[in-house]
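Me: Please take one part of this model and look at it closely, in careful steps that a first-year student can follow. I would also like to see how that part connects with what lies around it.

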Amino acid sequence: RFEALYQGGLWKRETLLCEPTFLQRIAERLPIGIVTGRPRHDAVRFLETFGIAQYVRSLVCLEDAALKPSPEPVLLALEQLGVTRAWMVGDTPDDIVAARAARVVPLGVGDRALAACGAARVYDEVSQIEELLP
């Protein structure tokens, strides 16, 4: 039922949690990867709709690996990015658990309860992490 609603137009109501210029600034300094439980088609449509696809160097989707909270999709993104250390920004407990299991630093956004799931820090907005970047 959800899939029918989503494909029927619900996807048009989605919003980006930050400004595209924020992602541009980050991508100029560090490689960006996205790990999502969405099908690739939906993830690509989202990135293109918001004009941010060019900032993403790795996109790991539903078809590529086990779902979070497994560390598998996070590890695949690390491999694709060619890095061994990373921060993972997430807004769900599964994001935080997957990051911890993949041995990357989990940063939570939104729900303060993410700290109880193991988030190293929790921010109100994703743009607040910019102050941490080298």
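What follows is a close look at helix 4 and its surroundings.

Reply: This is a predicted model, in which local features need pLDDT of at least 70 and side-chain atom pairs count only at pLDDT 80 or more, while totals for chains, interfaces and linings use all residues. Residues are numbered from 1 along each chain as its sequence is written, and side-chain values use heavy atoms, with hydrogens and water left out.

Helix 4 covers residues 72–81, and within this helix Pro73, Val74, Ala77, Leu78 and Leu81 are buried. Seen down the helix axis, these buried residues fall within an arc of 145°, so they line one face of helix 4. Three terms need explaining here. Helices (H or I, at least four residues) and strands (E, at least two) are DSSP runs, numbered from the N terminus. Buried means under 20% relative accessible area, exposed means over 50%, and partly exposed lies in between, with a 1.4 Å probe and protein chains only. The arc is taken from the directions that run from the helix axis to the C-beta atoms. It helps to remember that an α-helix has 3.6 residues a turn, so residues three or four places apart point the same way.

What do the buried residues of helix 4 pack against? Their partners are strand 1 (32–35), strand 2 (56–60), strand 3 (87–90) and helix 5 (93–101), where contact means heavy atoms within 4.5 Å. Just after helix 4, Gly82 takes a positive phi of about 70°.

Strand 2 gives a detailed view of this packing, since Ser58 lies in that strand. Ser58 counts as buried, at 1% relative accessibility, and, leaving aside residues up to four places away in sequence, Ser58 touches Ile32, Gly33, Ile34, Ala77, Gln80 and Leu81. The side chains of Ser58 and Gln80 are also joined by a polar contact of 2.6 Å; such a contact is a pair of N or O atoms within 3.5 Å, where within protein one must be able to donate a hydrogen and the other to accept it, and where residues adjacent in sequence count only if both atoms are side-chain atoms.

The loop between strand 2 and helix 4 holds Pro69, and the peptide bond that leads from Lys68 to Pro69 is cis, with omega near 25°. Lys68 appears again when we turn to helix 5, where Asp95 lies. Asp95 is buried, with a relative accessible area of 7%, and touches Lys68, Met88 and Gly90 when residues up to four places away in sequence are not counted. Beyond helix 5, the loop that leads to strand 4 (105–109) contains Arg103, a residue that has a positive phi of about 65° although it is not a glycine. Arg103 is exposed, with a relative accessible area of 74%.

Strands 1 and 2 also connect this region with helix 3, because the buried residues of helix 3 pack against helix 1, strand 1 and strand 2. Helix 3 spans residues 40–49, and Asp42, Ala43, Arg45, Phe46 and Leu47 are buried in it. Arg38 lies over the face of Phe46, at 5.1 Å from the ring centre, and the charged end of Arg45 sits over the ring of Trp11, 4.1 Å from its centre. For such an arrangement, NZ of Lys or CZ of Arg must be within 6 Å of the ring centre and within 35 degrees of the ring normal. Just after helix 3, Gly51 takes a positive phi of about 65°.

One cysteine remains to be placed. The structure holds zero disulfides, a disulfide being a pair of cysteine sulfur atoms within 2.5 Å. Cys61 is accordingly in no disulfide, and the nearest cysteine sulfur, that of Cys18, is 17 Å away. Cys61 counts as buried, at 2% relative accessibility.
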